[in-house]
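Below are some comments on the model, set out as numbered points. Please read them with the structure open.

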Amino acid sequence: MSGPAPKPAIPAWAVGEFFGTFLLVFFGCGTVAAAVLTGAQVGVFQVAIVWGLGIATAIYLTGSLSGAHLNPSVTLALAGWNGFSWRRVPGYLACQFLGAFAASAVLYVAFAGPLRVFEASHGIVRGSAGSEASAMIFGEFFPNPGGRPFTSKILAMIPSSTAFYVEALGTSILVLVILCATDSRNSSRPGLLTASTIGLTITMLISLLAPLTMAGFNPARDFAPRLFSALAGWGKVVFTINGSGWFTVYILGPIAGGQLGGMIYRCFFRPYYAVAD
């Protein structure tokens, strides 16, 4: 008579957050790489819909394992406003960053050939000024480089304060949708279509805001690929082209936005869901 199955060595939540964030970055940054390096996608919507479908897929695969946060802003908002244990936050964040970093390495190997051709044909020297045109397949920049080097005129289009506002705004809407769509007291919640609803929200937000900041809304999605690109030859340019924006816009902005979205949910939606129930 066989005994109970041995308990897995790795917690389910760690598997869910690592592989879920891996898939998010693989599909998301992968479609950016395909668009910039090969022209496979035309227009921001084609990139946005792949992002949205990729996130929905990741949620469907990992939601039962970890809740599919896949984003430090979501984890921190859940901890701050919806009862998620603060003790679990460091582990969740670590797995999210590791998953995003691993996906960046996989994409780098897959697109190595098109990347070399793109940089050679456009006179891009990796790590020098202008190489943000190819680095954008990993980290994010403002305004969206669109596969072209920045000029002083382009850089002046979006000041860091505006970029911070855009990232915070997009993340607040995303977190609000997540919390409302998953609240069991919301009688009109999408149920089995929750992952699709979140994915379509991402698609809409990217379609609207990606021309301004590349629409990150996720510190793990930005910082881990950005760090990988720095180690892969782009060096300090990915941390200097927007000044301190890599931190203030793409890490603090989404975190602040997530807290705002959580606060709006807690103050204006959750109490009324309870009353309606």
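1. Leaving aside neighbours within four places in sequence, Trp234 is in contact with Tyr108, Leu115, Glu119, Arg126, Gly127, Ser131, Ser134, Ala135, Phe138 and Ser229. The model is a predicted one, and this contact list should be read in that light.

2. Trp234 also belongs, with Leu37 and Trp51, to the residues that have the most contacts inside the largest nonpolar core, a set of 69 residues. Helix α1 (residues 12–38) gives the most to this core, contributing eleven residues. A second core, separate from it and made up of five residues, includes Phe142, Ile158, Ala163 and Val249.

3. Phe142 deserves a further look, since the peptide bond that leads from Phe142 to Pro143 is cis, with omega near -10 degrees. Pro143 itself is placed in the loop between α6 (132–135) and α7 (152–155).

4. How do helices α8 and α9 pack, and at what angle? Helix α8 (residues 160–181) and helix α9 (residues 194–213) have their axes 10 Å apart and pack at an angle of about 170 degrees, which means that α8 is roughly antiparallel to α9, as the angle is over 145 degrees. By class, their contact has twelve nonpolar, five polar and one charged residues. On the α8 side the contact includes Ala163, Glu167, Gly170 and Ile173, and among the α9 residues that they meet are Thr194, Ile198, Leu205 and Thr213.

5. Helix α9 is not straight throughout, as a kink of about 45 degrees lies at Ser207, shortly before the proline Pro211. The buried residues of α9 include Ile198, Gly199, Ile202, Thr203, Ile206 and Ala210.

6. Thr203, which is placed in helix α9, has a relative accessibility of 3% and therefore counts as buried. Not counting residues up to four places away in sequence, Thr203 touches Phe45, Ala48, Ile49 and Gly52.

7. Two residues that are not glycines merit a check of their backbone angles. Met214, which follows α9, has a positive phi of about 75 degrees although it is not a glycine, and it is placed in the loop between α9 and α10 (219–234). Met214 is buried, with a relative accessible area of 9%. Ala68, likewise not a glycine, has a positive phi of about 55 degrees and is found in the loop between α2 (44–66) and α3 (72–81); at 11% relative accessibility, Ala68 counts as buried.

Notes. Residues numbered from 1 in each chain as written. Predicted model: local features only at pLDDT ≥ 70, side-chain atom pairs only at ≥ 80, totals over all residues. Heavy atoms only, no water. Axes fitted to C-alpha atoms, helices over the stretch in contact; angles between N-to-C directions. Helix = DSSP H or I, 4+ residues; strand = E, 2+ residues; numbered from the N terminus. Parallel < 35°, antiparallel > 145°, perpendicular 65-115°, else oblique. Contact = heavy atoms within 4.5 Å. Nonpolar A, V, L, I, M, F, W, Y, C, P; charged D, E, K, R; others polar. Bend = angle between axes of the 7 residues up to and from the residue. Buried < 20%, exposed > 50% of the residue type's maximum accessible area, 1.4 Å probe, protein only. Core = buried A, V, L, I, M, F, W, Y, C linked by side-chain atoms within 4.5 Å.
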